[in-house]
Amino acid sequence: MKIDFATSRQSTLGVEWELALVNGATGELASVANQVLRGVAARHPELNEDDEHPHIKQELLLNTVELVTGICETVADAKADLSRSVAAVREITDPMGVELFCAGSHPFSPPQLQPVTDKERYAKLIDRTQWWGRQMVIYGVHVHVGLDRKEKALPVLDGLVNYFPHFQALSASSPFWGGEDTGYASHRALMFQQLPTAGLPFQFSSWADYESYVQDMFTTGVIDTLSEIRWDIRPVPNLGTIEMRICDGLATLEEVGAIAALTQCLVDEFSTTLDNGGTIPTMQPWHIQENKWRAARYGMDAIIILDSAGNEQLVTEHLMATLNRLEPVAAKLGCSDELADVEKIITRGAGYQRQRRVAAESGGDLQAVVLDLVKQMRNGPAA
């Protein structure tokens, strides 16, 4: 089948931020998304054809709302867009006693008790995936970056795959599941890949090979729409973007901006390499799979595989070298400050480290962990 790739301006940006709704007193998940979305719609009549706010959307679970930016030129623009959407949601949630938080998972609310949004596509997903689908009480951050031609999509995907463990380690924020410490920095990473067509992307040598794969998926009934290919990194042909979907939920707007800047800079660097006639190195699939597991298990302490020769380095050390290399790219794109915020995550600790620290200081009280995340969401990382 032929899959067209929309025209985009190179390195434009879009961000999606999934937020959990919780009881402000107890930290329990609150399945009130329908009320929140109705309230937002009533106050903000700029709705789309589906009677949704253009930047505040439904998600799989009734305890979740998703904030979606428009097409942005800079990370600062994307952060401002998200900030406006947060304010619009808080206009409704604050009087309800409902708070917002974001992490890869909720530390203690039972996954199987969370109601699903009443939409046919969600019902079909749960019917097909059964127990695994009912466990998907997880939250993430997705970053789209525009590509100016189709031929860049798959090589850029290959390039981002090389940085999979970096994004996973920086964002890992799901150590707790159903009230227990899983021992993983990101339990979400291993949970989400249980869905059909989710997990690590396949890597193709040509766009025609990708089109053939998609045709096979339609022919065999694996998917009904292209969006049901839920890889951790994927091309999005109708938008003309590459979408980085690796990250666990991020607790603060500052962290979202840092991840968006790192994504935008890497994609722009890869694009320039291709424009100059260069190629992007790849690694063996077994190295890529191992890197994902190491980052999900050990987070910032992961020793990652760097190349096809099997050279290894501590992920934070390689991240620091990467940030230094990308400084000129960030200056060109206007995201130097946001890229510098990546180092703040390394210094302060990723979400899973901060959650475990709060739990230890609170005698294992996971309610304290959620309420701390609520504070961070409202007041920033210093909270």
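Let me open with a question: does N291 count as buried or exposed? At 1% relative accessibility, N291 counts as buried, and I should say at once that this value, like every other one in this talk, is computed on a predicted model. The residue sits in helix α10, and, leaving aside residues up to four places away in sequence, N291 touches P165, M283, I304 and I305.

Let me stay with burial and turn to the nonpolar cores. In soluble globular proteins, nonpolar side chains tend to be buried together. Here the largest nonpolar core has 91 residues, and within that core W17, F167 and L262 touch the most other members. Helix α9 is the element that gives the most to this core, with eleven residues. There is also a second, separate core of 30 residues, and among its members are Y122, M136, V137 and A359.

Helix α5 deserves a moment of its own, as a mostly covered element in which nine of its ten residues are buried. Those buried residues are A153, L154, V156, L157, D158, G159, L160, V161 and N162, so that the list, as you can see, includes D158 and N162 alongside residues such as L154 and V161. As for what they pack against, the buried residues of α5 meet α6, α8, β10, β11, α9 and α10.

Now to the aromatic rings. A pair of aromatic rings is described by the distance of the centres and the angle of the planes. How many aromatic pairs does a search of the whole structure find? The search finds 13, and I will take two of them in detail. In one of them, Y163 and F270 are 6.4 Å apart from centre to centre, with 45° between the planes, and the pair is tilted. Y163 lies in the loop between α5 and α6, while F270 belongs to helix α9, so the pair ties together parts that are 107 residues apart in sequence. Both of these residues, Y163 and F270, are buried.

In another pair, the ring centres of Y184 and W293 are 6.2 Å apart and the planes stand at 85°, which is over 60 degrees, and therefore the pair is edge-to-face. Y184 is placed in the loop between β7 and α7, and W293 in helix α10, so that this pair ties together parts 109 residues apart in sequence. On burial, Y184 is partly exposed, with a relative accessible area of 21%, and W293, at 31% relative accessibility, also counts as partly exposed.

The ring of Y184 has a further neighbour, in that R297 lies over its face, at 6.0 Å from the ring centre. An arrangement of this kind is also found at F192, where R188 lies over the face of the ring at 5.9 Å from its centre. Finally for the aromatics, F5, F202, F204, W207, Y210, Y213 and W231 form one aromatic cluster.

On cysteines I can be brief. How many disulfides does a search of the whole structure find? The answer is zero. C102 is in no disulfide, and the nearest cysteine sulfur, that of C247, is 10 Å away. Seen from C247, the closest cysteine sulfur is likewise the one in C102, and the distance of 10 Å is too far for a bond, given that a disulfide needs sulfur atoms within 2.5 Å. C102 is buried, with a relative accessible area of 1%, and C247 is buried as well, at 0%.

Let me close with two individual polar residues. D248 is found in the loop between β11 and α9, where it is buried, with a relative accessible area of 0%. Which side chain does the side chain of D248 make a polar contact with? The partner is the side chain of S186, at 2.9 Å. For a sense of placement, D248 and N34 are 214 residues apart in sequence, and their C-alpha atoms are 24 Å apart in space.

T220, by contrast, is exposed, with a relative accessible area of 57%. T220 is placed in the loop between α8 and β9, and its side chain reaches the backbone oxygen of D216 at 2.7 Å.

How values were computed: Residues are numbered from 1 along each chain as its sequence is written. This is a predicted model: local features need pLDDT of at least 70, side-chain atom pairs count only at pLDDT 80 or more; totals for chains, interfaces and linings use all residues. Side-chain values use heavy atoms; hydrogens and water are left out. Rings of Phe, Tyr and Trp (its six-membered ring) pair if their centres lie within 6.5 Å; planes under 30 degrees apart count as stacked, over 60 as edge-to-face and the rest as tilted. Helices (H or I, at least four residues) and strands (E, at least two) are DSSP runs, numbered from the N terminus. Buried means under 20% relative accessible area, exposed over 50%, partly exposed in between (1.4 Å probe, protein chains only). A charge sits over a ring if NZ of Lys or CZ of Arg is within 6 Å of the ring centre and within 35 degrees of the ring normal. A nonpolar core is a set of buried Ala, Val, Leu, Ile, Met, Phe, Trp, Tyr and Cys residues joined through side-chain atoms within 4.5 Å. Contact means heavy atoms within 4.5 Å. A polar contact is a pair of N or O atoms within 3.5 Å; within protein, one must be able to donate a hydrogen and the other to accept it, and residues adjacent in sequence count only if both atoms are side-chain atoms.
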